[in-house]
Amino acid sequence: MSSDVILVIVVGTALAFDFTNGFHDTANVVATSISTGAARPQVAIGVASLLNFVGAFISISVAATVAQDVVNADVVTPTVVFAGLIGAIAWNLITWYFGLPSSSSHALIGGVVGSAVAAAGFDAVLADGLVGKVLIPAVVAPVLAFLVAGASIGIVYRVVGRQRPGMVTRGFKYGQIVSGGLLSLAHGTNDAQKTMGVITLALVANGSLAAESDPPTWVIAAAAAAIALGTYSGGWRIIKTTGTRIIKMDAAQGFSSQGAGAAVILASTHFGFPLSTTHVINGGVMGAGAGKRVSAVRWGVAGNIVTAWLLTLPAAAAIGALAYGLTRIFGTGALGPVVVTLMSLSLIVAVFARRAQRGAPVPASSG
Amino acid sequence: MIATIVEGRALLETVIASLIAGVGVTFVFSIAIWGFGRFADLSRSERPIAAGVAGTVAALALVAVGAAVVIGIVVMTRK
């Protein structure tokens, strides 16, 4: 009975994380379209939300990686998964508060790794999977997106450089409707799977599902709906950072960065790498800026973003470990997760209230 | 050691696929925009044959971009 209560809390927390993932990462998907004027904000977010939902049904290879290749399933309990999710949600909210586009994916993996280590020591971590499928792709993917977007924008300017600017801008704005859609699809398929993977991990840990099972259909549908709803709710603070603060973008740069992002994410998803869509898209935006002119990139803003990237795994891991420790103070039953959930909700309300006191989220158009 | 941890082949294929798809699609789409631009300019200059060639290049490039997008999605769904 107690384990079922914990499982329900874990599933609810995982879906809440998925919501914050969509909310936090909306910027990745729509910021370039909005900042270049290719789509109106509400339309861009609505379409992104729909395509995130559809994308979640495309593949489950990333979910399998998260569920099987990062931590040892034998030592994972629903409480470990719960604490990991708390770590991820907390880090997502902290970075949202400061308007930094950090990685929800690495927050999730960091949180789960931290709570697993707190529960069972460092033997709980599958180092090969963590390094080979998470850390190295984490470094490669944004650099790759940077290079692809940089090369792409160089080619674009060579091909259309002598055309009338109005025609070129209009053409790339139309192109951004497709590249933005593809990016939303790619985001949905890579990111929603992380939540599917975590819920599957909890179901296996609870004995509700056989080891190495694929996510059940209800898990896929619930994760798809949560990320779509989160995306629709939007995250204006990060949209502004991604869309206007890294570089001042033209439509060709928007198209190049979105195309690079979609290509890298779809290719990585195909091979089961749970990479950070945030890192990839911001890498693409920086590449599209640097490809035009290196000084076009606001490297100070880019530096803040990279710092948040580097901090994400250890910070989420530390919060995950702390959440696990707090949970265990109340024993192994459902009381711990219930208390930590209530504490987390109180903190979330406090963060939003403080944010509201400081002023409403800034619309991208104002920047 | 690192080579055994990293799925080197999968990572290499990811890099190659991303480069080809990302740069290739953007290049072909640029060709489409160039073609439409030339089509408009040549039509105004009353050079219908050259305009027709430019328009055809643009249309073919657009079809190629559409095909690349569809192939990308199909490859994803088959994993």
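A crossing of two helices is right-handed if the near helix is turned clockwise from the far one by less than a right angle. In this predicted model, α6(A) passes α11(A) in that right-handed sense. The model places chain A against chain B, with 40 residues of chain A in contact with 31 residues of chain B.

**Chain A overall**

- Chain A has 13 helices and zero strands.
- Read from the N terminus, the order of elements is therefore α-α-α-α-α-α-α-α-α-α-α-α-α, as helices and strands are numbered from that end.
- Of its 367 residues, 63% count as buried.
- Where contacts in chain A join residues at least 6 apart in sequence, 90% of them link residues at least 24 apart.

**Side of chain A that touches chain B**

- The 40 residues of chain A meet 31 residues of chain B, and three helices of chain A each supply at least two residues to this side: α6 (127-160), α7 (165-205) and α10 (251-270).
- α6(A) gives the largest share, 14 residues.
- Sorted by class, this side of chain A holds 25 nonpolar, 13 polar and two charged residues.

**α7(A) against α2(B)**

- Helix α2 of chain B spans residues 8-44, and its axis comes within 10 Å of the axis of α7(A), with a crossing angle of roughly 140°.
- Because of that angle, α7(A) is oblique to α2(B); the cut-off for roughly antiparallel is over 145 degrees.
- The crossing of α7(A) past α2(B) is right-handed.
- From α7(A), the contact involves Met167(A), Val168(A), Gly171(A), Phe172(A) and Gly175(A).
- From α2(B), Phe29(B), Ile33(B), Phe36(B), Gly37(B) and Ala40(B) take part.
- Seven nonpolar and three polar residues make up this contact, with no charged residues.

**α6(A) against α11(A)**

- Within chain A, the axes of α6(A) and α11 (residues 277-292) come within 7 Å and cross at roughly 35°.
- As stated at the start, the crossing of α6(A) past α11(A) is right-handed.
- Residues of α6(A) in this contact include Ala138(A), Ala141(A), Pro142(A), Val143(A), Phe146(A), Gly150(A), Ile153(A) and Gly154(A).
- On α11(A), the partners include His279(A), Val280(A), Asn282(A), Gly283(A), Gly284(A), Met286(A), Gly287(A) and Lys292(A).
- The class count for the contact of α6(A) with α11(A) is 14 nonpolar, eight polar and one charged.
- α6(A) thus appears in two settings: it meets α11(A), and α6(A) also supplies 14 residues to the side of chain A that touches chain B.

Definitions and conventions:
Residues numbered from 1 in each chain as written. Chains lettered and ligands numbered in written order. Predicted model: local features only at pLDDT ≥ 70, side-chain atom pairs only at ≥ 80, totals over all residues. Contact = placed C-beta atoms within 7 Å. Helix = DSSP H or I, 4+ residues; strand = E, 2+ residues; numbered from the N terminus. Nonpolar A, V, L, I, M, F, W, Y, C, P; charged D, E, K, R; others polar. Buried ≥ 20, exposed ≤ 12 C-beta atoms within 10 Å, placed from the backbone. Axes fitted to C-alpha atoms, helices over the stretch in contact; angles between N-to-C directions. Parallel < 35°, antiparallel > 145°, perpendicular 65-115°, else oblique.
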